[in-house]
Amino acid sequence: MRHDNNSPIDHGFLSIGRSLAVNAERFPNKTALHDLKGSITYKDLNSKANQLAYGLREVGLQKGEHAAILFGNTIDHLLMIYAVAKLGAVSVVLDIKWKPREMMRALRFFDCRLLLYDNDYDSSLPPELLDGLKLGAFSRGDAGASKTSIAEIMHGRSEQEYPSDVRDEDLFMIMLTAGTTGTPKGCLVNHKTYALQCMNSSIGRGCNEFCKRLSVVPIYYNSGRSTVLAHLFFGATVYLRQRFEARETLELVQNEKINSLGLASTMCHRLLQLPDLDSYDTRSIRALRKAGLPFTRKMVEDLIGRVTPNVFQGYASTDAGQATFLRPEEQLSKIGSSGRPIWGVEVDVVDQRHDRVPTGKEGEIRVRGPLVCQGYYNNPEEEGRRFIDGWYYSGDIGRFDSDGYLYVVGRMKDLIKTGGINVAPKEIEEILLLYPDVVDAAVVGEPDAEWGEAIKAYVVPREQKRFSETDLIKFCKEYLADYKVPKQIRIVKDLKRNELGKLNPKLLEEQV
């Protein structure tokens with residue numbers, strides 16, 4: 001991009017707002033984003049982001065202050081993020097599925113000055129919630145007599161590049177992730193770190209200006225948002241969909257020649273169940289990132305054989321960014337592995353004294369490198385536990401094999417202590433999923449007078465298939481030590497996972 005010495009965007013070479021301005025000049029008429037309501041070019045997206053940045057400054061939002069964003073997988077969602085970034089304020093993206101109480105808790109805890117939201121979520125925003133915002137709430141579309149719309153604060157504003165003084169080390173976003181207390185943890189990430197996370201997507205997976213990315217994972221979660229922003233960082237075209245529909249996904253891949261997408265295990269299962277899957281042309285796919293758990297060998301084999309051989313896996317978190325990478329040619333030879341550490345990132349498995357454990361032994365996974373976030377917002381206790389001597393301690397249990405490949409076994413806090421022995425639920429779930437007629441499984445520990453915790457499993461049978469709890473217990477005994485075999489197995493119709501394939505163990509019994 002051409003600048004003179006007085007260019008207002010020479011500062012913050014790695015700032016996210018600047019990346020959009022660069023691409024607006026490189027690819028002015030190229031489609032940046034496409035959703036169900038239409039599409040927008042890089043030039044127009046940048047112009048609108050500038051208008052909104054000027055408008056937000058006019059209503060009182062200052063550099064470094066927090067702006068909450070409540071949008072689904074839409075063009076407007078990305079517009080909000082870029083405008084806030086150009087201003088030098090900090091985005092706090094909320095979960096559209098939250099109830100009012102959860103919204104209010106997050107807005108107050110993260111000191112949000114204003115809220116930018118989609119009218120679709122009016123029911124989640126009672127007056128008392130909005131009244132607590134110092135600068136108010138601004139909605140997409142008709143805001144009604146008592147509110148102000150985003151269009152109103154943009155109206156008449158300049159499309160010229162916002163005169164930003166954002167530096168690489170300035171805070172870009174507070175990324176929310178699950179917390180043990182009920183309030184989400186807020187991962188602090190600056191512009192430089194997020195830009196480096198975007199660049200990491202180009203290593204190995206070929207993220208570049210020629211990509212067409214389909215995003216069906218929610219972008220109010222970082223796993224979905226990070227890949228979208230990474231592709232926009234390089235000038236790709238991104239197709240946004242609010243939810244995953246197996247047939248629509250295949251039609252988009254075939255008709256638009258999509259070459260990059262990410263799918264959770266539940267999505268992959270639904271895709272592979274389509275009777276006419278093989279009639280679709282999926283040869284354009286250069287990168288299918290499988291995310292979440294569980295993925296069985298059979299599922300991976302089917303993805304490779306029936307959808308694309310270009311399947312990727314990795315170990316990543318909101319807190320640490322990408323840490324490891326498993327390439328397509330390694331998927332079946334290293335089944336269950338998350339791959340080897342990526343360039344520039346150190347990954348260790350350590351014991352309780354923080355000493356590295358021998359190869360093959362399990363311990364806590366810790367990560368160090370330029371992709372790790374800068375800590376947690378207003379949470380010194382949790383930050384002190386997780387960030388020690390430059391390392392991020394994940395709370396995940398893993399092991400390395402002799403070739404240097406990482407295997408994630410489970411979570412420390414999810415361990416079941418039965419008869420004084422720690423057992424990882426994930427290990428038992430993997431065995432249950434080997435049973436031919438089981439399509440999903442979850443294992444938890446229940447208080448027990450004899451064992452301390454008794455192992456209990458919930459399983460979902462394949463459609464129109466029948467088996468008994470006794471059948472499954474007998475099957476488990478073939479593969480597991482007796483103390484790992486579930487004491488009780490409940491057969492359920494469904495395990496209601498979120499879009500990332502995760503579920504809340506506390507809600508399992510309600511699903512029976």
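This passage describes three regions of a predicted model: a helix with a buried side, a buried aspartate in a loop, and a three-stranded sheet with its helices.

Helix 4 spans residues 100–109, and Met103, Met104, Ala106 and Leu107 are buried within this helix. These residues lie on the same side of helix 4, because the arc they cover around the axis is only 165 degrees. Arg101 and Arg108, by contrast, are exposed on the other side of helix 4. The packing partners of the buried residues are strand 3 (66–70), strand 5 (112–117) and helix 5 (127–131). Aspartate 111, located just after helix 4, has a positive phi of about 50 degrees.

A second aspartate, residue 319, is found in the loop that connects strand 14 (311–317) with strand 15 (321–326). Its relative accessibility is 4%, and aspartate 319 therefore counts as buried, the limit for this class being under 20%. The side chain of aspartate 319 forms a polar contact of 2.5 Å with the side chain of tyrosine 376. When residues up to four places away in sequence are not counted, aspartate 319 touches Thr177, Lys185, Cys187, Val372, Cys373, Tyr376 and Tyr392. Tyrosine 376 thus appears both in this set of contacts and as the partner in the polar contact.

The third region is an open sheet of three strands, arranged in the order 24-25-26 with mixed pairing. Strand 24 (438–448) and strand 26 (488–491) each have a single partner strand and stand at the edges, so one side of each is left without a neighbour in the sheet. On average, neighbouring strands of this sheet are turned by 25 degrees against each other, direction ignored. In general, the strands of a sheet pair through backbone hydrogen bonds, in either a parallel or an antiparallel manner. Strand 24 and strand 25 (residues 452–461) run antiparallel and are joined by 10 bridges. Within this pairing, glycine 445 has isoleucine 455 of strand 25 as its bridge partner.

Two helices are associated with this sheet. Helix 13, formed by residues 425–432, lies across strand 24, strand 25 and strand 26, and runs at about 140 degrees to strand 24. Helix 14, formed by residues 469–477, also packs on the sheet and touches strand 24, strand 25 and strand 26. The direction of helix 14 makes about 130 degrees with that of strand 26.

Terms used
Residues are numbered from 1 along each chain as its sequence is written. This is a predicted model: local features need pLDDT of at least 70, side-chain atom pairs count only at pLDDT 80 or more; totals for chains, interfaces and linings use all residues. Side-chain values use heavy atoms; hydrogens and water are left out. Helices (H or I, at least four residues) and strands (E, at least two) are DSSP runs, numbered from the N terminus. Buried means under 20% relative accessible area, exposed over 50%, partly exposed in between (1.4 Å probe, protein chains only). A polar contact is a pair of N or O atoms within 3.5 Å; within protein, one must be able to donate a hydrogen and the other to accept it, and residues adjacent in sequence count only if both atoms are side-chain atoms. Contact means heavy atoms within 4.5 Å. Two strands pair if DSSP finds at least two bridges between them. Axes are lines fitted to C-alpha atoms, for helices over the stretch in contact, and angles run from 0 to 180 degrees between N-to-C directions. The arc is that of the directions from the helix axis to the C-beta atoms.
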